[in-house]
Amino acid sequence: MKFKVYITLIASVFLLFSCKSKKIVYTPKKKTNTQKTIPKKTPSTPKKITKKPTSTPKSAPAVGTYGNKVANYITTYSEIAMEQMRQYKIPASITLAQGILESGAGTGDLTRRANNHFGIKCHNWKGAKVYHDDDRAQECFRKYSNANFSFQDHSLFLTGRKRYLGLFKLANDDYKSWAKGLRKAGYATDPKYPAKLINLIEKYKLYNFDARVLGKSEKDAKKVIGKSDQYTVKKGDTLYSIARKHKISVAELKEFNGIENNTIHEGQTLYVKPLPKDF
């Protein structure tokens, strides 16, 4: 009997351990979110907006005006013109005025393409060339690698031709006689050419560069300007009022000064008498 009980006990223990080894422990899976996670946008730094001023400061001149271009031209090339005066005795004022006039204050097509500031044509030129419409279509003009050579060639052009020799008998600061003498020698055919040069010289005070080379003061330079045949524009003046005051026509006033339009400004010096015919 005890044996049976013993056997029964062993069988029960075996059965108990057997059931425990087969028991499956269920661990629930974590729920997976199948939706894509959209990252939050980081707020961008707003661009700094600079409000444009409603008015232009008085110290900043209008960009692109003719006066602005001329002022820039003078600043850029006045030292070169004075150096040419020291070497070749040509008034710096004349060189600058011719450069301004011939090159459109440095903005002309020929100047931009060829660094040719004085419209000098090829003639017997052996250097680089460009072709440009002038008196005739596609005329040959000299081309320079930089403006310095153009200014020097202008000096050599005047000193190397007999027809200009008479100019070098004139005083270095006598820009009026130089302007008239250039046309007389055949440099330009435009009858207004001398007046245009003189107007530029006096409007922009280019005679001061002659004075600097000659060691003179600005006061000395102003003595060269004759007053009897000139008028300084005052506020409210018009070409008509000036012409009437000096008993000439508007057309004559414009011709004396090489003026192409009706624009004048306060402080401008105008000739009210024709230039002498001795040049």
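Begin by selecting helix 3 (residues 92-103) and helix 6 (residues 175-184), whose axes come within 9 Å and cross at roughly 50°. Helix 3 is therefore oblique to helix 6, since an angle counts as oblique when it is neither under 35 degrees, nor over 145, nor from 65 to 115. The crossing of these two helices is right-handed. The model on display is a predicted one.

**The contact of helix 3 with helix 6**

Display the side chains where the two helices touch. On helix 3, select Ser93, Ile94 and Gln98; on helix 6, select Tyr175, Trp178, Ala179 and Leu182, which they meet. By class, the residues of this contact comprise 5 nonpolar and 2 polar, with no charged residue.

**Helix 6 and its surroundings**

Keep helix 6 selected and colour its residues by burial. Is helix 6 largely enclosed by the rest of the structure, or largely open? Of its 10 residues, 8 are buried, so helix 6 is largely enclosed. The buried residues are Tyr175, Lys176, Ser177, Trp178, Ala179, Lys180, Gly181 and Leu182.

Which elements do these buried residues pack against? Add to the selection helix 3, helix 5 (147-159), helix 7 (193-203) and helix 8 (207-214), together with strand 3 (230-232) and strand 4 (269-271); the buried residues of helix 6 pack against each of these. After helix 6, proceed to Gly186, which follows the helix and has a positive phi, near 100°.

**Helix 2 against helix 3**

Return to helix 3 and add helix 2 (residues 66-88). The axes of helix 2 and helix 3 come within 9 Å, with a crossing angle of roughly 140°. The two helices are therefore oblique to each other, and their crossing is right-handed. To see the contact, select Tyr66, Val70, Tyr73, Ile74, Tyr77, Ser78, Ala81, Met82 and Met85 in helix 2, and Ala92, Thr95, Leu96, Gly99, Ile100 and Ser103 in helix 3. These contact residues divide into 11 nonpolar and 4 polar, and none is charged.

**Helix 2 against helix 5**

Leave helix 2 in view and replace helix 3 with helix 5. Here the axes come within 10 Å and cross at roughly 40°. That angle makes helix 2 oblique to helix 5, and the crossing is again right-handed. In this contact, Tyr73, Tyr77, Ile80, Gln84 and Tyr88 of helix 2 meet Ala147, Asn148, Phe151, Gln152, Ser155, Leu156 and Thr159 of helix 5. The contact has 7 nonpolar and 5 polar residues, and no charged ones. Tyr73 and Tyr77 of helix 2 deserve a second look: they are listed in the contact with helix 5 and also in the contact with helix 3.

**Two residues with positive phi**

Turn next to the backbone. Most residues other than glycine have a negative phi. Select Asn115, in the loop between helix 4 (109-114) and strand 1 (129-132). Although Asn115 is not a glycine, its phi is positive, at about 55°. Asn115 is partly exposed, and its relative accessible area is 24%.

Then select Gln138, in the loop between strand 1 and strand 2 (139-142). Gln138 is likewise not a glycine, and its phi is positive, at about 50°. With 47% relative accessibility, Gln138 counts as partly exposed.

**Lys245 and Asn261**

Now move to helix 10 (residues 239-245) and select Lys245. Is Lys245 buried or exposed? Lys245 is exposed, with a relative accessible area of 55%. Add Val272 and draw a distance between the C-alpha atoms: Lys245 and Val272 lie 27 residues apart in sequence and 9.6 Å apart in space.

Asn261 is the next stop, in the loop between helix 11 (250-257) and strand 4. Asn261 is partly exposed, at 42% relative accessible area. Beyond its neighbours within four places in sequence, Asn261 is in contact with Leu239 and Lys254.

**The whole chain**

Finally, clear the selection and show the entire protein chain. Its secondary structure comprises 11 helices and 4 strands. Of its 279 residues, 35% count as buried. The accessible surface of the chain comes to about 19,200 Å², with 55% of this belonging to carbon and sulfur atoms. Among contacts with a separation of 6 or more, 57% are between residues 24 or more positions apart.

Technical notes
Residues are numbered from 1 along each chain as its sequence is written. This is a predicted model: local features need pLDDT of at least 70, side-chain atom pairs count only at pLDDT 80 or more; totals for chains, interfaces and linings use all residues. Side-chain values use heavy atoms; hydrogens and water are left out. Axes are lines fitted to C-alpha atoms, for helices over the stretch in contact, and angles run from 0 to 180 degrees between N-to-C directions. A crossing is left-handed if the near helix is turned anticlockwise from the far one by less than a right angle, and right-handed if clockwise. Contact means heavy atoms within 4.5 Å. Ala, Val, Leu, Ile, Met, Phe, Trp, Tyr, Cys and Pro count as nonpolar, Asp, Glu, Lys and Arg as charged, and the others, Gly among them, as polar. Buried means under 20% relative accessible area, exposed over 50%, partly exposed in between (1.4 Å probe, protein chains only). Accessible areas come from the Shrake-Rupley method with a 1.4 Å probe; for residues, only the protein chains shown count as cover.
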